[in-house]
Amino acid sequence: MAGKKGVHFGGGNIGRGFVAEFLHNSGYEVVFVDVMDSIIESLQKTKSYEVTEIGDDGEKKFTIDNYRALNSKHEMEKVIHEIATADVVTCAVGPNILKFIAKPIAEGIEARKSSEPLSVIACENMIGATDALRGFIEGHLGEEVKKDIKTKARFANSAIDRIVPLQPEGAGLNVLIEKFYEWCVEEKPFDGKPPPIKGIHFVQDLKPYIERKLFTVNTGHATAAYYGYNRGKKYVHEVLQDKELHDIVQDTLKETAHLICTQHTHVSTKEQSEYVQAIVKRISNPALEDIVTRVGRAPLRKLSRRERFIAPAAHLAEMNESYKGLLGGIEMAFRFQNVEGDEESAELAKKLKELDAEAAVKDICGLEAEHPLFKDVVAVVKKVQGGS
């Protein structure tokens, strides 16, 4: 594995503390790409940083080195060259930024001389993130390259799961991260030759893993955060210490567990129940000091059609099954407005002032008036807009 190179878009905590850790531990040189001057300058000036994993059994520290960093605002030609000569490209930039990183990746793919195709894996909290990135990339590719894309690049969706709490003041590049992790990647696109990255679980069918994670970890975490915010709690673990709120989170996850076991029949009720309790235990860990406003940020994305609340609630509504717990979480998410440091919460407040309830649900949640979930979400929005 010596001499392998991974280009990673996003110099944030997930990039440095999760993706880069895996690449580094697998013998890859990591090239970070970002537009944030402060992060890139720090990475360029510092030869190594520390990742601290925290779990029930205490802390474990790892040193990450063998990396470089490029600012894509000023060094785009270098970025394209690095992609053209890389083995793997990953990203953890947020779903809304995928379209902006697509062009340099496309130009890097077109400039490749290697006979081995580039492995492209998006590491985002989004179903089909790599498919979305591929769509943006192909929009910048010439017809010849697009026609023969499999010889140039392989695209695999992934599901990532690791909590990165708010970092201690003065941490710099060092990252505090939970010990637990799961990184599942589709195996099929690699035709039997997946990239050698230790810790990745390559799977034949990713959908159950993505939905299990999104509708359990993300739904549970966000439900706790939004209820906590509305009840004046600071930390997620404080929310779970409150019996009433703990039961609300559990009841919500019973609904999503029922959905997962119904849609993916190979997942047993017992297996999903154990998974749920493991997740509740994880997010209840006081050592994470996970602040509810950090977990709740970006409510517009989290209330969108394919996300952690609306997607499972819509499936359950279509099945004529209960989604009462999810509806409560949806209400609390709509109440997450004008939170300091979160632009989307301000935008949410603005939309709820400018739009009537029906228009807001169509715009924010992507639901049509005919959908069986629509009326209930409209009722929730009217309640929030009415101040009750």
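Q: What counts as a helix or a strand in this predicted model, and how many of each are there in the protein?
A: Helices are DSSP runs of H or I with at least four residues, and strands are runs of E with at least two, numbered from the N terminus. By that rule there are 17 helices and twelve strands in the protein.

Q: What makes the radius of gyration of the protein agree with that of a compact globule?
A: The globule rule is 2.2 Å times the number of residues to the power 0.38. For 388 residues this puts a compact globule near 21 Å, and because the protein has 21 Å, the two agree. Along its principal axes, the C-alpha trace spans about 60 × 50 × 45 Å, and buried residues make up 54% of the 388 residues.

Q: Why is helix 14 called largely enclosed by the rest of the structure?
A: A residue is buried when its relative accessible area is under 20%. Ten of the eleven residues of helix 14, which runs over residues 324–334, are buried, and therefore the helix is largely enclosed by the rest of the structure. Among the buried residues are Leu326, Leu327, Ile330, Met332 and Phe334, and the list also includes Glu331.

Q: Why is Gln272 called buried, and where is it placed?
A: Gln272 has 1% relative accessibility, and because buried means under 20%, it counts as buried. Its place is in helix 10, and, leaving aside neighbours within four places in sequence, Gln272 is in contact with Arg212, Thr216, Ala257, Ile260, Cys261 and Val267.

Q: Why is Glu238 called partly exposed?
A: The relative accessible area of Glu238 is 28%, and because partly exposed lies between the limits of 20% and 50%, Glu238 falls into that class. Glu238 belongs to helix 8, residues 236–241, and its C-alpha atom is separated by 9.4 Å from that of Ala224, 14 residues apart along the chain.

Q: What is notable about the phi of Asp191 and of Glu289?
A: Most residues other than glycine have a negative phi. Asp191, although not a glycine, has a positive phi of about 50°, and Glu289, also not a glycine, has a positive phi of about 45°. Asp191 lies in the loop between strand 11 (182–186) and strand 12 (201–203), whereas Glu289 lies in the loop between helix 10 (269–283) and helix 11 (292–296).

Q: Are Asp191 and Glu289 buried, partly exposed or exposed, and why?
A: Exposed would require over 50% relative accessible area and buried under 20%. Asp191 has 49%, so it is partly exposed, and Glu289, at 46%, therefore also counts as partly exposed.

Q: How do you know what secondary structure the two annotated domains hold?
A: The UniProt record, an unreviewed entry, lists "domain: Mannitol dehydrogenase N-terminal" for residues 6–198, and over that span the chain is 31% helix and 29% strand, with the end C-alpha atoms 13 Å apart. In the UniProt annotation, also from an unreviewed entry, "domain: Mannitol dehydrogenase C-terminal" covers residues 205–351, a span that is 71% helix and 0% strand, with end C-alpha atoms 38 Å apart.

Q: What share of the contacts in the protein joins residues at least 24 apart in sequence?
A: Contact means heavy atoms within 4.5 Å, and among contacts between residues at least 6 apart in sequence, 71% join residues at least 24 apart.

Key
Residues are numbered from 1 along each chain as its sequence is written. This is a predicted model: local features need pLDDT of at least 70, side-chain atom pairs count only at pLDDT 80 or more; totals for chains, interfaces and linings use all residues. Side-chain values use heavy atoms; hydrogens and water are left out. UniProt positions are given in the numbering used here, feature names are shortened, and annotations may be inferred rather than shown by experiment. Buried means under 20% relative accessible area, exposed over 50%, partly exposed in between (1.4 Å probe, protein chains only).
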